[in-house]
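Dear colleague,

Please find below the structure I promised to pass on to you. My findings follow directly after it.

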Amino acid sequence: MISVASLRSKRLGARWFHRDPATIARALLGCALVHGDRAAMIVETEAYLGPEDLASHARFGPTSRTSVMFGPGGVSYVYLCYGMHQMFNIVAGRDGEPGAVLVRAAAPLVGLDPDPGTLRGPGKLTKAMKIGRAQDRVPLIDDALFVARHARPRAIAVGPRIGVDYARDWAARPLRFWIEGHASVSKVR
DNA sequence: GCGGGGATTAACT
DNA sequence: GTTAATCCCCGCG
């Protein structure tokens with residue numbers, strides 16, 4: 001029986017996130033994202049690297065919005081996109097190594113509509129999980145917002161990131177990860 | 001200050 | 001395939 005209480009005991013520590021974004025993005029698949037009394041299994045992620053990555057918010061260097069990406073991993077980064085959708089990211093890497101992982105889709109576990117489409121897509125995910133700007137820059141060693149070990153995916157697929165065609169050659173890099181065949185993944189190859 | 005664009009979504013034709 | 005909704009942030013002056 002899955003519960004928020006049982007997930008809390010399997011929480012990932014800050015150091016777990018002190019690796020490169022692509023490694024974290026892959027390792028997050030199958031983990032549980034918990035906010036308050038809601039929990040969902042992460043099924044799709046994207047890695048965003050440092051200033052060299054033309055798709056990453058870090059490409060302009062640290063700014064008022066993105067400086068959190070340049071700090072230590074294990075901290076949330078939430079921003080508004082297209083004026084209406086919140087995007088939930090987890091900072092990855094050690095202090096001074098910029099990068100983050102966008103959580104693009106998840107499957108309902110606790111306290112959510114069980115329809116697999118409920119958290120399919122980054123904007124829908126934050127809406128369903130009630131994650132917003134109040135959850136920006138929160139260290140995930142938090143009683144209300146954290147990530148926990150949960151399941152180990154059977155097969156993982158890799159491909160180009162979504163919606164970053166402006167990033168020239170970086171748009172084609174294989175930095176999107178998803179659980180092969182899972183019904184809650186936002187788009188298929 | 002001002003102007004432009006975006007890590008999206010749903011509802012169109 | 002196309003488009004509207006909607007607003008904060010960034011770059012420039």
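To begin with the protein–DNA contacts, a phosphate oxygen of DNA strand B lies 3.0 Å from a side-chain N or O atom of arginine 104. Please keep in mind throughout that this is a predicted model.

**Surroundings of DNA strand B**

Around DNA strand B there are 19 residues, of which His57, His85, Asn89, Gly121 and Tyr166 come nearest. By class, the residues of this surface are ten nonpolar, seven polar and two charged. Strand E4 (85-91), strand E5 (100-110) and helix H3 (122-129) each contribute at least two residues to the surface near DNA strand B. Of the DNA strand B atoms within 4 Å of the protein, 52% are part of sugar or phosphate, and the rest belong to bases.

Besides the contact of arginine 104, two further polar contacts may be of interest to you. Histidine 85 places a polar side-chain atom 2.9 Å from a base oxygen of DNA strand B. Glycine 121, by contrast, uses a backbone N or O atom, which lies 3.5 Å from a phosphate oxygen of DNA strand B.

**Arginine 104 and the salt bridges**

Which residue forms a salt bridge with arginine 104 at 2.8 Å? The partner is glutamate 44, and the 2.8 Å refers to the closest N and O atoms. Glutamate 44 belongs to strand E2 (residues 38-48) and arginine 104 to strand E5, so this pair ties together parts that are 60 residues apart in sequence. Glutamate 44 counts as buried because its relative accessibility is 0%. Arginine 104, at 8% relative accessibility, also counts as buried.

Glutamate 44 forms a salt bridge with arginine 176 as well, with the closest N and O atoms 2.9 Å apart. Here too distant parts of the chain are linked: glutamate 44 is in strand E2, whereas arginine 176 is in strand E8 (residues 176-179), 132 residues apart. Like glutamate 44, arginine 176 is buried.

Another salt bridge joins the side chains of aspartate 53 and arginine 161, at 2.8 Å from N to O. Aspartate 53 is located in the loop between E2 and strand E3 (76-81), and arginine 161 in the loop between strand E7 (156-159) and E8, so the pair ties together parts that are 108 residues apart in sequence. Both aspartate 53 and arginine 161 are buried. Through shared partners, salt bridges connect Glu44, Glu46, Arg104 and Arg176 into one network. The count of salt bridges comes to eight.

**Strand E4 and its neighbours**

Strand E4 is mostly covered, with six of its seven residues buried. E4 runs antiparallel to E3, and six bridges join the two. Within this pairing, histidine 85 in E4 is the bridge partner of cysteine 81. E3 and E4 make a hairpin with three residues between them. On the other side of the account, E4 is joined to E5 by three bridges, again with the strands antiparallel. There, valine 91 stands opposite alanine 100 in E5.

**Tyrosine 82 and DNA strand C**

Is tyrosine 82 buried or exposed? At 70% relative accessibility, tyrosine 82 counts as exposed, since the protein chains alone are considered and the cut-off is over 50%. Tyrosine 82 sits in the loop between E3 and E4. Although tyrosine 82 is not a glycine, this residue has a positive phi of about 55°.

A backbone N or O atom of tyrosine 82 lies 2.4 Å from a base oxygen of DNA strand C. For glycine 83, a backbone N or O atom is 3.4 Å from a sugar or linking oxygen of DNA strand C. Arginine 133 has a polar side-chain atom 3.4 Å from a phosphate oxygen of that strand.

The residues that surround DNA strand C include Phe60, Thr63, Ser64, Arg65, Thr66 and Leu80. By class, four residues of this surface are nonpolar, four polar and two charged. Sugar or phosphate accounts for 69% of the DNA strand C atoms within 4 Å of the protein, and bases for the rest.

**A further backbone feature**

Arginine 137 likewise is not a glycine, yet has a positive phi of about 65°. Arginine 137 is found in the loop between H3 and strand E6 (145-148). With a relative accessible area of 36%, arginine 137 is partly exposed.

With kind regards

Key. Residues are numbered from 1 along each chain as its sequence is written. Chains are lettered from A and ligands numbered from 1 in the order in which they are written. This is a predicted model: local features need pLDDT of at least 70, side-chain atom pairs count only at pLDDT 80 or more; totals for chains, interfaces and linings use all residues. Side-chain values use heavy atoms; hydrogens and water are left out. A residue is near a molecule or strand if one of its heavy atoms lies within 4 Å of it. A polar contact is a pair of N or O atoms within 3.5 Å; within protein, one must be able to donate a hydrogen and the other to accept it, and residues adjacent in sequence count only if both atoms are side-chain atoms. Helices (H or I, at least four residues) and strands (E, at least two) are DSSP runs, numbered from the N terminus. Ala, Val, Leu, Ile, Met, Phe, Trp, Tyr, Cys and Pro count as nonpolar, Asp, Glu, Lys and Arg as charged, and the others, Gly among them, as polar. A salt bridge is a side-chain nitrogen of Lys or Arg within 4 Å of a carboxyl oxygen of Asp or Glu. Buried means under 20% relative accessible area, exposed over 50%, partly exposed in between (1.4 Å probe, protein chains only). Two strands pair if DSSP finds at least two bridges between them.
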